[in-house]
Amino acid sequence: MARDVRQVLAGLLTGSMLIMLCNMVKRDHFDPIYVENLSVQYDLIKVSKQSLVKLSDGTSGGIWRENLSLKPCWRKPLSTTNEEQAKGYIFLTLTDNPEDHVTQIAGAVVVAKYLGAILVLPEIKGTKTGHKRQFGDIYDTERFITSLDGTIKVVKDPPIEESKVNITNIKVPFMVTKDFIASKIQPKFKSKGNLMVSTDLSPSTMTKAKEIIKKDNVKMDPYACLAIFGSFELQPELNQLVNSMIGTLRSLSYNTNGQFVAVDLKVESLGNLCKGNVIKTKNCFDPKEIGEFLKKIGYQRHTTIYLTQSGWHSSLDDFRKIFPNTFTKDAIIPAYEKAKYHITKSSEFEKVIDFQICIQADVFVPTVSNLFYTNVVAKRIASGKTEVLDPTQKASSASSTAAVNYVSPYISKKSHWAYSCFC
């Protein structure tokens, strides 16, 4: 008798499923964008067109569109380096901010190339005074060395005598050029032999560089392009951790086909930006306003949001009321990994995780105009992830609900230097 009951139930379930499938066929619900996990209720897997946030009239897809791949110009044959003729060493120490590493490494590689010098694998400054990390703690050392093979020579350790004497500190501008190196750096290199190179990352210098790029259509040096987009990879264990966290965010995004939004929102940074502003400028938002912005342009309540905030802050409660599916790294990182990497509010590993998740998210939303924003977008352009929404755009039109009005000018105007690395 028990078997008969099971058979009857199985028949009823099969019949119900066939009826629902037939109805779905009649309503054209087999679009792969809309069909998600069949274990979820059918009324939840019908994602409306409004929730996909169209950037235009629909002819070019929506904000959840597929990535657009670009062809790298820097893969054209580059001249080789005769390692036996290489003279002198280029040293550098990376800051504790991963967004700076892109710019710092690019400058050092270009300098080493045009001077015919040997690049010493850099150390990474720790968040604590006097503390340093090895390059391999964060990045894949062998990948970095082999990717630059034939362009410059990279060594892990210079001869002891070379690391102690005749080292001259020199600061180079962002997008350092061959001419600058020949006129400003080469004479010092010839007399000293070894240089400690640092890149000027001051806000005024970066602003000036943006203006020059826009005005004169300056192109990124191809060796810098190679360094930025062809040599950087996380070391395997850290890369696995980041991929695991991204996988968790995608599994939580069953209502949006596994897609999620990353928002660079740090309460302290926003607080400093807004501090002293009696009348808020278009560049000053609090967490609730960022949430209202995302809701206004069409993101639905069930959208999964990743915030770069370390830990949870009470000022984020209003944001979570708008988007309950909001997470920080503390909520999605495995406990054993948190202990392994000593994840704290000041940990450089936290910054690396934020940087990588913002690069790989389906949509990126910056809240502060800084180097993090610029270099996350650079990496996203390289991978074709051009869905970047800037809430400071079109702020004078407060009633505008079209996402297209908030696309970052880096993307809409192709004003980012990264585009000069691709054909």
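A residue counts as exposed when its relative accessible area is over 50% and as buried when that value is under 20%. Keep these two cut-offs in mind as you look through the views of this predicted model.

**View 1. Lysine 414 is an exposed residue with a positive phi.** Lysine 414 has a relative accessibility of 57%, so it counts as exposed. You will find lysine 414 in the segment after helix 16. Its phi is near 50°, a positive value in a residue other than glycine.

**View 2. Methionine 175 also has a positive phi, but this residue is buried.** The phi of methionine 175 is near 60°, and here too the residue is not a glycine. To locate methionine 175, look in the loop between strand 7 (167-172) and helix 5 (178-192). Is methionine 175 buried or exposed? Its relative accessibility is 16%, so methionine 175 counts as buried.

**View 3. The whole protein chain sets the scene for the other close-ups.** The chain contains 16 helices and 12 strands. Of its 423 residues, 49% count as buried. The accessible surface of the chain comes to about 21,600 Å², and carbon and sulfur atoms account for 53% of that surface. How do contacts link residues along the chain? Among contacts between residues at least 6 apart in sequence, 70% join residues at least 24 apart.

**View 4. The largest nonpolar core has 106 residues.** Leu119 and Trp417 are the residues with the most contacts inside this core. Which helix gives the most to the core? Helix 3 (residues 98-115) does, with 9 residues. Both domain 1 (89-231) and domain 2 (236-421) take part, each supplying at least three residues to this core. There is also a second, separate core of 5 residues, including Tyr89, Phe91, Ile118 and Val155.

**View 5. Helix 3 is largely enclosed by the rest of the structure.** Why can we say that helix 3 is largely enclosed? Of its 18 residues, 17 are buried, so the rest of the structure encloses most of this helix. From its first C-alpha to its last, helix 3 reaches 26 Å, close to the 26 Å expected at 1.5 Å a residue. Just after the helix comes glycine 116, whose phi is positive, near 70°.

**View 6. Helix 14 (residues 348-360) is mostly covered.** How many of the 13 residues of helix 14 are buried? The count is 11 of 13. Among them are Phe349, Val352, Ile353, Phe355, Ile357 and Ile359, along with charged-looking names to spot such as Glu348, Glu350 and Asp354. Cysteine 358 has 0% relative accessibility, so it counts as buried. The helix reaches 19 Å from its first C-alpha to its last, close to the 18 Å expected at 1.5 Å a residue.

**View 7. Cysteine 225 and cysteine 421 form a disulfide.** The structure holds 1 disulfide, and the sulfur atoms of this pair are 1.9 Å apart. The torsion about the S-S bond is about -75°, so the disulfide is left-handed. Where do the two cysteines lie? Cysteine 225 is in helix 7 (residues 222-230), while cysteine 421 is in the segment after helix 16 (409-412), so the pair ties together parts that are 196 residues apart in sequence. Both cysteine 225 and cysteine 421 are buried.

Conventions. Residues numbered from 1 in each chain as written. Predicted model: local features only at pLDDT ≥ 70, side-chain atom pairs only at ≥ 80, totals over all residues. Heavy atoms only, no water. Helix = DSSP H or I, 4+ residues; strand = E, 2+ residues; numbered from the N terminus. Buried < 20%, exposed > 50% of the residue type's maximum accessible area, 1.4 Å probe, protein only. Contact = heavy atoms within 4.5 Å. Areas by Shrake-Rupley, 256 points an atom, 1.4 Å probe, with all protein chains shown as cover. Core = buried A, V, L, I, M, F, W, Y, C linked by side-chain atoms within 4.5 Å. Domains from an automatic or database assignment. Expected span 1.5 Å × (residues − 1). Disulfide = S-S within 2.5 Å.
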